[in-house]
Amino acid sequence: MKYPVRILHIMASLDLGGAESRTMEIYRNIDRNIIQFDFVVHKKNNFYESEAESLGAKVYYCEKFSLSNLFKYISWWRRFFLENQYNIVHG
């Protein structure tokens with residue numbers, strides 16, 4: 001297995017919510033030489049964004065799903081996974 005293993009977290013934001021805060025708490029305390037977190041979020045300029053990037057995370061932005069953007073949304077995810085490979089996706 002190639003290290004670090006990159007885990008993709010799909011979240012609405014990286015703001016001060018419970019799941020976001022807990023994920024960042026874990027991220028601060030794991031061995032980032034072995035495991036790295038990346039994030040897909042729906043909005044830019046989140047509370048934890050610069051800290052996550054300083055720890056080695058990549059932060060990607062995806063428009064929030066709605067019926068009016070269904071095909072654009074599907075296309076974005078197809079292209080994303082063609083360009084990026086993850087063994088673990090957490091959403």
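**The largest pocket and selected residues of a predicted model**

Reader: Which residues line the largest pocket?

Author: The model is a predicted one. In this model, the lining draws on two stretches of numbering, and the largest pocket is lined by Met1, Lys2, Pro4, Val5, Arg6, Gln85, Tyr86 and Asn87.

Reader: How do the residues of this lining divide into nonpolar, polar and charged?

Author: Lys2 and Arg6 belong to the lining, and both count as charged. Gln85 and Asn87 also belong to the lining, and both count as polar because they fall outside the nonpolar and charged lists. The lining therefore divides into 4 nonpolar, 2 polar and 2 charged residues.

Reader: What volume does the largest pocket have?

Author: Rolling a probe the size of a water molecule over the atoms shows where empty space is left. For the largest pocket, the volume comes to about 200 Å³.

Reader: Which peptide bond is cis, with omega near 0 degrees?

Author: Proline 4 is placed in the segment before β1 (5-10), and Pro4 is also one of the residues lining the largest pocket. The cis bond, with omega near 0 degrees, is the one from tyrosine 3 to proline 4.

Reader: What accessible area do Met1, Tyr3 and Ile34 have together?

Author: Isoleucine 34 sits in the loop between α1 (18-29) and β2 (35-41). With 40% relative accessibility, isoleucine 34 passes the patch cut-off of over 30%. Met1, Tyr3 and Ile34 form a nonpolar patch on the surface, and their accessible area together is about 380 Å².

Reader: Why does isoleucine 34 count as partly exposed, and lysine 64 as exposed?

Author: Exposed means over 50% relative accessible area, and partly exposed lies between that value and 20%. Isoleucine 34 counts as partly exposed because its relative accessibility is 40%. Lysine 64, in the loop between β3 (59-61) and α3 (70-83), counts as exposed because its relative accessibility is 59%.

Reader: What distance separates the C-alpha atoms of lysine 64 and isoleucine 34?

Author: Along the chain, lysine 64 and isoleucine 34 are 30 residues apart. Their C-alpha atoms are separated by 31 Å.

Reader: How far apart in space are glutamate 51 and arginine 28, C-alpha to C-alpha?

Author: Glutamate 51 belongs to helix α2 (residues 49-54) and is partly exposed, with a relative accessible area of 25%. Glutamate 51 and arginine 28 are 23 residues apart in sequence, and their distance in space, C-alpha to C-alpha, is 9.3 Å.

Reader: What phi does asparagine 45 have?

Author: Asparagine 45 lies in the loop between β2 and α2. With 68% relative accessibility, asparagine 45 counts as exposed. Although asparagine 45 is not a glycine, its phi is positive, at about 60 degrees.

Technical notes
Residues numbered from 1 in each chain as written. Predicted model: local features only at pLDDT ≥ 70, side-chain atom pairs only at ≥ 80, totals over all residues. Heavy atoms only, no water. Patch = residues over 30% accessible without salt bridge, like charges linked within 9 Å, V, L, I, M, F, W, Y side chains within 5 Å. Areas by Shrake-Rupley, 256 points an atom, 1.4 Å probe, with all protein chains shown as cover. Salt bridge = Lys/Arg side-chain N within 4 Å of Asp/Glu carboxyl O. Helix = DSSP H or I, 4+ residues; strand = E, 2+ residues; numbered from the N terminus. Buried < 20%, exposed > 50% of the residue type's maximum accessible area, 1.4 Å probe, protein only. 1 Å grid on protein atoms, 1.4 Å probe; cavity = no way out; pocket = protein on both sides within 12 Å on 5 of 7 lines; lining within 4 Å. Points joined across faces, edges and corners; volume = space filled by probe spheres on them.
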